[in-house]
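Trainee: I am new to this structure and would love some help finding my way around. Could you pick out one part and take me through it slowly?

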Amino acid sequence: MALRVYNTLTRQKEAFQPIESGKIGIYACGITVYDLCHIGHARSAIAFDVINKYLQYLGFDVTFIKNFTDVDDKIIERAHAEGCDIKGITEKYIEAHNRDMDALGVARPTIAPRATENIEGMIRLITTLFEKGLAYDAGGDVYYAVEKFKGYGKLSGRNLEDMLAGARVDINEKKRNPMDFALWKASKEGEPWWDSPWGKGRPGWHIECSVMSQRYLGETFDIHGGGEDLIFPHHENEIAQSEGATGKPLARYWLHNGFVRVNSEKMSKSLGNFSTIQDMLMDYHPEVLRLFVLQSHYRSPVDFSEESLRDARMGMGRFYATLKSLKDSLARHEGTIDEWKGLLTEEHRQVFEKIMTLPERFTEAMDDDFNTARAIGHLYDAVRILNSYMAEGQNEPAPETVYVLVRSRETLLRIGAVLGLFLDDPDHYFDTDRNREVRKRGLNIEEIEGFIEARRLARAQKDWKKADEIRQALVEKKVSLKDISDRTVWKIE
RNA sequence: GGCGGCAUAGCCAAGUGGCUAAGGCAACGGUCUGCAAAACCGUUAUUCACCGGUUCGAAUCCGGUUGCCGCCUCCA
């Protein structure tokens with residue numbers, strides 16, 4: 001089966017066909033840098049990160065562009081509020097954004113262009129739109145004449161009459177049509193400005209993406225992505241600008257991710273119901289956040305709550321428990337024992353072959369519009385098979401077992417990497433997880449270990465009653481114990 | 001008002017015409033254990049919001065009803 005993707009433009013899944021064989025250009029709309037990123041931004045970033053990584057996994061040479069909008073009303077407002085220039089704001093939040101994305105394991109884009117570095121290109125594009133009769137000057141403000149562009153509304157499935165019937169179009173005397181949007185805004189006192197044929201001003205929001213995508217990916221490129229709230233007006237306007245100027249399709253496939261919700265409502269700045277990525281990373285391992293997001297399809301909404309994150313954490317713990325078992329089983333067996341390939345007895349071969357079909361099943365799921373939820377289901381299946389297999393041949397694994405486990409682990413890690421999962425060392429994962437949980441619940445490690453030592457002494461004397469009381473006290477603090485032959489390990493539930 | 005999406009077990013979530021409706025979390029029973037925990041095995045939706053229709057056959061297609069959500073204003 002070949003890759004199929006849901007295209008917002010046609011509202012159906014289509015066979016994916018790159019413009020140039022073996023190469024893919026993706027443009028994903030980035031953020032306006034005036035504040036910290038929240039979980040909603042993380043969801044979008046992770047969705048396109050996985051798309052990016054999966055396409056590379058398939059062997060495509062991917063050019064991934066994600067911009068920064070670094071001039072905009074909100075930024076100017078914020079700069080005034082903090083008494084600095086816009087660069088003071090944008091530099092700070094670009095840095096914060098990059099830190100957040102790095103922490104989440106989101107790969108940096110091939111190029112991360114900024115709007116303010118592309119003003120000349122925007123002026124050129126607006127000039128072209130004037131030549132085509134699609135732009136008009138209204139006293140220093142330049143607007144796009146939407147009526148002049150056939151097909152305005154084709155992405156969002158609207159037409160101008162419907163939109164005009166809507167209650168919330170702002171009245172602006174300067175506009176010829178209420179739906180016309182700004183390409184260039186005359187600067188007011190104290191605002192940043194650039195010289196242009198229409199006077200001092202700054203670009204409108206939409207023009208930058210048309211310019212930067214064309215600069216780095218050409219007039220027509222493969223995939224354009226973003227959150228579903230960008231479909232209208234942002235992406236609709238990009239189409240009007242770019243296609244109005246070139247007469248060619250802007251992008252072949254339009255992909256939009258669904259929202260993160262809180263209590264069934266969109267997580268957003270205006271509702272104030274957001275959690276920043278920084279805050280969430282204090283409480284959860286980054287891969288728990290990724291798993292939370294990837295367990296749903298990227299176009300569906302996901303509901304964010306303490307409980308859903310807790311579920312994701314438990315699921316992630318299951319994966320790492322298996323990775324830890326694999327690590328421990330193989331600790332004394334470096335390298336692969338390749339001579340066992342082809343010599344496996346029936347029992348070993350069955351496990352081996354099941355795990356070796358994992359990439360196939362993974363690809364089948366991901367080829368269906370990046371169905372990460374189904375892919376993750378297959379990973380859990382593999383984990384169950386391996387746990388069962390390891391439970392049988394515990395202590396000293398036979399050489400053929402080692403061969404199967406080495407190959408299985410490679411496969412698991414290779415596929416996990418596409419989703420940005422299993423990248424941590426299992427011991428490190430559980431250490432940091434425990435430290436996080438201990439801090440969240442206000443517990444004290446020395447105290448817990450003191451209790452465990454007291455219980456060890458009680459157990460040595462076969463004082464089961466006392467040992468159980470101690471354990472019960474710990475269980476009430478959500479600390480669970482596991483007795484292994486010579487020691488006791490603990491974790492937080 | 002216009003446009004669009006969603007409704008699957010206690011919770012989360014795959015599945016878009018036909019083998020036994022994935023998987024995770026939770027719960028319960030068993031193996032293991034001094035007892036537990038983890039892991040493993042087993043159980044938990046004759047049924048997919050509701051009503052009607054198409055079909056040999058539908059969670060899946062069509063029509064209607066109800067409920068929830070998004071966009072139409074900055075927003076991932």
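**A histidine in a loop, and the helices beyond**

Mentor: Happy to! Let us begin with His 297: setting aside residues up to four places away in sequence, His 297 touches Arg 43, Asp 368, Asp 369, Phe 370, Asn 371 and Ala 373. Please keep in mind that this is a predicted model. As for where to look, His 297 sits in the loop between helix H9 (286-294) and strand E13 (302-303). Although it is a loop residue, His 297 counts as buried, because its relative accessibility is 16% and the cut-off for buried is under 20%. One of its contacts deserves a closer look: the side chains of His 297 and Asp 369 are joined by a polar contact of 3.3 Å.

Now follow one of those neighbours, Arg 43. Helix H1 covers residues 39-57, and its axis comes within 12 Å of the axis of helix H12, residues 358-367. The two axes cross at roughly 130°, and H1 and H12 are therefore oblique to each other. The crossing of H1 past H12 is left-handed. Which residues of H1 and H12 meet? From H1 come Val 50, Tyr 54 and Tyr 57, and from H12 come Pro 359, Phe 362, Thr 363, Met 366 and Asp 367. By character, this contact divides into 6 nonpolar residues, 1 polar and 1 charged. A general point helps in reading such lists: an α-helix has 3.6 residues a turn, so residues three or four places apart point the same way.

For another buried spot, turn to helix H6, residues 207-217. Here 8 of the 11 residues are buried, so H6 is largely enclosed by the rest of the structure. The buried residues are Ile 207, Glu 208, Cys 209, Ser 210, Val 211, Met 212, Ser 213 and Leu 217. Just after H6, Gly 218 takes a positive phi of about 95°.

Ser 210 of H6 also leads us on to helix H7, residues 231-246, where Ser 242 lies. The side chains of Ser 242 and Ser 210 are joined by a polar contact of 2.8 Å. Is Ser 242 buried or exposed? Ser 242 counts as buried, because its relative accessibility is 4%. Beyond its neighbours within four places in sequence, Ser 242 is in contact with Ser 210, Gly 247 and Leu 250.

To retrace the path, find the polar contact between His 297 and Asp 369, then the crossing of H1 and H12, and then the pair Ser 242 and Ser 210.

How values were computed. Residues numbered from 1 in each chain as written. Chains lettered and ligands numbered in written order. Predicted model: local features only at pLDDT ≥ 70, side-chain atom pairs only at ≥ 80, totals over all residues. Heavy atoms only, no water. Axes fitted to C-alpha atoms, helices over the stretch in contact; angles between N-to-C directions. Helix = DSSP H or I, 4+ residues; strand = E, 2+ residues; numbered from the N terminus. Parallel < 35°, antiparallel > 145°, perpendicular 65-115°, else oblique. Left-handed = near helix turned anticlockwise from the far one by under 90°. Contact = heavy atoms within 4.5 Å. Nonpolar A, V, L, I, M, F, W, Y, C, P; charged D, E, K, R; others polar. Buried < 20%, exposed > 50% of the residue type's maximum accessible area, 1.4 Å probe, protein only. Polar contact = N/O pair within 3.5 Å; in protein donor to acceptor, adjacent residues only side chain to side chain.
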